[in-house]
Amino acid sequence: MAKATNKTEAAELRRMGAKVHKNSGRGMIKGDGSTNEFVIDVKEANKTFTLSQDVWAKICTDAMKVDRSKSPMLQLVIGEGSNKVRLSVVEWSIQEDLIERANNDNS
């Protein structure tokens with residue numbers, strides 16, 4: 001796994017326009033950052049990342065501790081240097097909402 005630092009996590013959060021939580025994971029505010037809709041946990045890996053029910057449950061629990069009105073999001077960054085893939089993992093209901101909005105915009 002890539003060595004994630006507060007600096008690299010903050011850079012990823014700023015890239016998406018999110019507010020960075022100071023001392024994330026160690027301080028009073030859980031999660032690495034947040035937007036109006038999401039509490040975000042950033043994970044960085046060189047080649048692979050294993051997502052399990054336990055990992056997702058922790059991300060959800062941390063999001064609820066920050067703001068129950070916001071949804072959890074995992075921002076996954078896989079790769080090194082300029083060869084990175086960025087993925088967002090959200091609950092299926094969020095994906096359904098995005099599909100519905102896209103369909104309405106195309107109507």
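**Close-up views of a predicted chain**

**View 1. Helix α1 (residues 6-15) lies across β1, β2, β3 (38-45), β4 and β5, and runs at about 130° to β3.** This is a predicted model, in which local features need pLDDT of at least 70, side-chain atom pairs count only at pLDDT 80 or more, and totals for chains, interfaces and linings use all residues. Residues are numbered from 1 along each chain as its sequence is written, and side-chain values use heavy atoms, with hydrogens and water left out. Helices (H or I, at least four residues) and strands (E, at least two) are DSSP runs, numbered from the N terminus. For the angle, axes are lines fitted to C-alpha atoms, for helices over the stretch in contact, and angles run from 0 to 180 degrees between N-to-C directions. Contact means heavy atoms within 4.5 Å.

**View 2. Here are the two sides of helix α1.** Which residues of α1 are buried? They are Glu9, Ala10, Glu12 and Leu13, where buried means under 20% relative accessible area, exposed over 50%, and partly exposed in between (1.4 Å probe, protein chains only). Seen down the axis of α1, these buried residues fall within an arc of 160°, so they line one face of the helix; the arc is that of the directions from the helix axis to the C-beta atoms. Their cover includes β1, β2, β3, β4 and β5. Turn to the face pointing away from the buried side and you meet the exposed residues Lys7, Arg14 and Arg15. Arg15 has a relative accessible area of 58%, and its C-alpha is 24 Å from that of Ser93, a residue 78 places away in sequence. After α1 comes Gly17, with a positive phi near 80°.

**View 3. Five strands form an open sheet in the order β1-β2-β3-β4-β5, with mixed pairing.** β1 (19-20) and β5 stand at the edges with a single partner strand each, so one side of each is left without a neighbour in the sheet. Two strands pair if DSSP finds at least two bridges between them. At one edge, β1 runs antiparallel to β2 (residues 33-34), joined by two bridges, and Val20 sits opposite Gly33 in β2. As general background, side chains in a regular strand alternate between the two faces of the sheet.

**View 4. β3, helix α2 (residues 53-66) and β4 build a right-handed β-α-β unit.** A crossover is right-handed if, with the strands pointing away from the viewer, the path from the first strand over the helix to the second runs clockwise. Parallel or antiparallel: how do β3 and β4 pair? They pair in the parallel sense, over eight bridges, and Ile40 has Met73 in β4 as its bridge partner. Of the 10 residues of β4, eight are buried, so this strand is largely enclosed by the rest of the structure. Within α2 you can find Ala63, which counts as buried at 1% relative accessibility. Leaving aside residues up to four places away in sequence, Ala63 touches Val39 and Pro72. Ser34 is 29 residues from Ala63 in sequence, with 9.1 Å between their C-alpha atoms.

**View 5. Strands β4 (residues 71-80) and β5 (residues 83-89) run antiparallel and are joined by seven bridges.** Follow the ladder and you will see Leu74 bridged to Val89 in β5, as well as Gly79 bridged to Lys84 in β5. Two residues lie between the strands of this hairpin, where Gly81 takes a positive phi near 55°.

**View 6. Finally, step back to the whole chain.** The chain has three helices and five strands, arranged along the sequence as α-β-β-β-α-β-β-α. Its C-alpha trace spans about 45 × 35 × 25 Å along the principal axes. With 107 residues, a compact globule would have a radius of gyration near 13 Å, and the 14 Å of the chain agrees; this radius is taken over C-alpha atoms, and the globule rule is 2.2 Å times the number of residues to the power 0.38. Of the 107 residues, 32% are buried. Among contacts between residues at least 6 apart in sequence, 51% join residues at least 24 apart.
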